[in-house]
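Trainee: I keep running into labels like buried, exposed and antiparallel. Could we go through where such words come from?

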Amino acid sequence: MSRKNIHYGWVVILMGLLTTIAAHGFGRMAYTIILPAMKDGLKFDYTQLGLLGTGNFIGYLTMAIIGGFLAARFGTRIVITLALVFLGITLMLTGLAQSFGFALSMRFLTGLGNGAAYVPAMALGSAWFAMKRRGFATGIVSGGIGAGTLISGLLIPPILSAYGVEGWRNAWYILGGASLAIAAVVFALIRSRPDERGLLPVGVSEHDSPPEAPTGPKVSTLQWSAVYRKGSVWYLGLVYFFYGSSYIIYMTFFAAYLVKELGQTQAYAGGLWALVGALSTFCGVIWGAISDRLGRSRGAALAYLVLGLSYIVYALVQTPFGFYLSAVLFGLTAWSIPTIMAAAAGDFVGPRLAPAGLGFITLFFGIGQAVAPAFGGYLADLSGSFTLPFLVAGGISFVGMVASVFMKKPAA
């Protein structure tokens, strides 16, 4: 294939991939591996560690909805770049934490940068690709979460081992510096819309008449109201809520469960987490394509089923076989729901308003994941085990499966 035949949309999607590596992979998923070392270094209990997660997700929730609207208003390039710079700085500052209050503040601020970068990045597929290829493109972007998780799982344990009790601080410094480097690359290459380069979206020809091209100047407040007045968009938010309130319990306490409750080593937990990251790098593409073929409703229901099984296996089969089976099931499905929801948001509100639509339904997702870590940590402290929190996560996921069945198709 000659260079001129490669649509610039694929370059933009690659920048979206890099964005999610930093925003989600470093800004959020790395915390799972660093958490046990932070617990030892700062003498926190599990409720406090859960609250750190909650603080991060409150920040994410705050900027996820606002960031989506800002991207629709000012363009994804400037919003994503500034968010990544802010994220990198706050990650480095997290390494300076000496108290719970400071650590909580930094996790909250990191969440702000995460949400402001992630939501516009996940909406890039709606702007640059036709509906029939939107799920696949969005899946590539979401693959950055898995790639970032893989990098964190491989990189952080050696850092913790090399620097001892203070190793977790150096881990945050390195992740922050890497995020700043990614911000520079993304700024240089990403573009908000195809018309900025005189192009049509991938999969749309000059002979097609798309209902809405992602072009034009600025989005008005009146247009934004079209997002939150759609009942179908509210229902998408409800379905997304069940993902936010279930997966985050599993992810937050994944390593702590292995290391603190079951006596496994930090290296073992990091290796298993790296496996999750490696598998999940491709799960967005897989589930995006599945939802393109089967429909968003059936795709989401099937994904919720697999996710729920992964949580329950992790809780009840406390053997290496159970750990690996759970990791494989989760890894192959981890970012399925965000991918499907991002594509569905574009389906319902159109490519121009896709960042705003995704930001709005992320409000529901964010509420779930803001409350769940502290609740899961409380259940662990109360019961003396992580079995109950993981079982609760499985039950919530099955409720999400049922809700997905009743998702409606967007009007043609």
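What follows is a chat that sets some labels against their cut-offs.

Mentor: Happy to. Keep in mind that this is a predicted model.

Trainee: Let's start with helix packing. What makes helix 3 roughly antiparallel to helix 7?

Mentor: The axes of helix 3 (residues 76-94) and helix 7 (residues 167-189) cross at roughly 165°. Angles over 145 degrees count as roughly antiparallel, so helix 3 is roughly antiparallel to helix 7. The two axes come within 7 Å, and helix 3 passes helix 7 in a left-handed crossing.

Trainee: What kinds of residues make up the contact of helix 3 with helix 7?

Mentor: That contact divides into 17 nonpolar residues, six polar ones and one charged one.

Trainee: And why are helix 1 and helix 2 called roughly antiparallel?

Mentor: By the same kind of reasoning. Helix 1 and helix 2 pack at an angle of about 165°; the cut-off is over 145 degrees, so the pair is roughly antiparallel. Their axes are 11 Å apart, and helix 1 passes helix 2 in a right-handed crossing.

Trainee: Now single residues. How do you know that Ala22 is buried?

Mentor: Ala22, found in helix 1, has a relative accessible area of 0%. Buried means under 20%, so Ala22 gets that label. Its C-alpha atom is separated from that of Ala183 by 8.6 Å, with the two positions 161 residues apart along the chain.

Trainee: What makes Ile182 buried, then?

Mentor: Ile182 lies in helix 7 and has a relative accessible area of 12%. With the cut-off at under 20%, Ile182 is therefore buried. Ile182 and Ile21 are 161 residues apart in sequence and 8.8 Å apart in space, C-alpha to C-alpha.

Trainee: What about Lys43: buried or exposed?

Mentor: Lys43 is at 69% relative accessibility. Exposed means over 50%, so Lys43 counts as exposed. Lys43 lies in the loop between helix 1 (8-42) and helix 2 (46-74). Its backbone is worth a look too: Lys43 has a positive phi of about 60° although it is not a glycine.

Trainee: And how do you know that Gly384 is exposed?

Mentor: Its relative accessible area is 59%, set against a cut-off of over 50%, so Gly384 is exposed. Look for Gly384 in the loop between helix 15 (354-383) and helix 16 (387-405). Gly384 and Glu261 are 123 residues apart in sequence, yet 8.9 Å apart in space, C-alpha to C-alpha.

Trainee: Last topic, cavities. How many of 30 Å³ or more does a search of the whole structure find?

Mentor: Three. The second largest cavity has a volume of about 40 Å³, and that clears the 30 Å³ threshold of the search.

Trainee: Which residues line the second largest cavity?

Mentor: The lining is made of Arg28, Met29, Tyr31, Thr32, Phe57, Ile248, Met251 and Thr252. Helix 1 and helix 9 (231-252) are the elements that give two or more residues to it, and helix 1 gives the most, with four residues.

Trainee: How does that lining divide by class?

Mentor: It has five nonpolar, two polar and one charged residues. Tyr counts as nonpolar here and Arg as charged, which is worth remembering when you look at Tyr31 and Arg28 in the lining.

Technical notes
Residues are numbered from 1 along each chain as its sequence is written. This is a predicted model: local features need pLDDT of at least 70, side-chain atom pairs count only at pLDDT 80 or more; totals for chains, interfaces and linings use all residues. Side-chain values use heavy atoms; hydrogens and water are left out. Axes are lines fitted to C-alpha atoms, for helices over the stretch in contact, and angles run from 0 to 180 degrees between N-to-C directions. Angles under 35 degrees count as roughly parallel, over 145 as roughly antiparallel, 65 to 115 as roughly perpendicular and the rest as oblique. A crossing is left-handed if the near helix is turned anticlockwise from the far one by less than a right angle, and right-handed if clockwise. On a 1 Å grid over the protein atoms alone, a cavity is a set of points where a 1.4 Å probe fits but cannot get out, and a pocket is an open set with protein on both sides within 12 Å along at least five of seven lines; lining residues have an atom within 4 Å of a point. Grid points are joined across faces, edges and corners, and a volume is the space filled by probe spheres set on the points. Buried means under 20% relative accessible area, exposed over 50%, partly exposed in between (1.4 Å probe, protein chains only).
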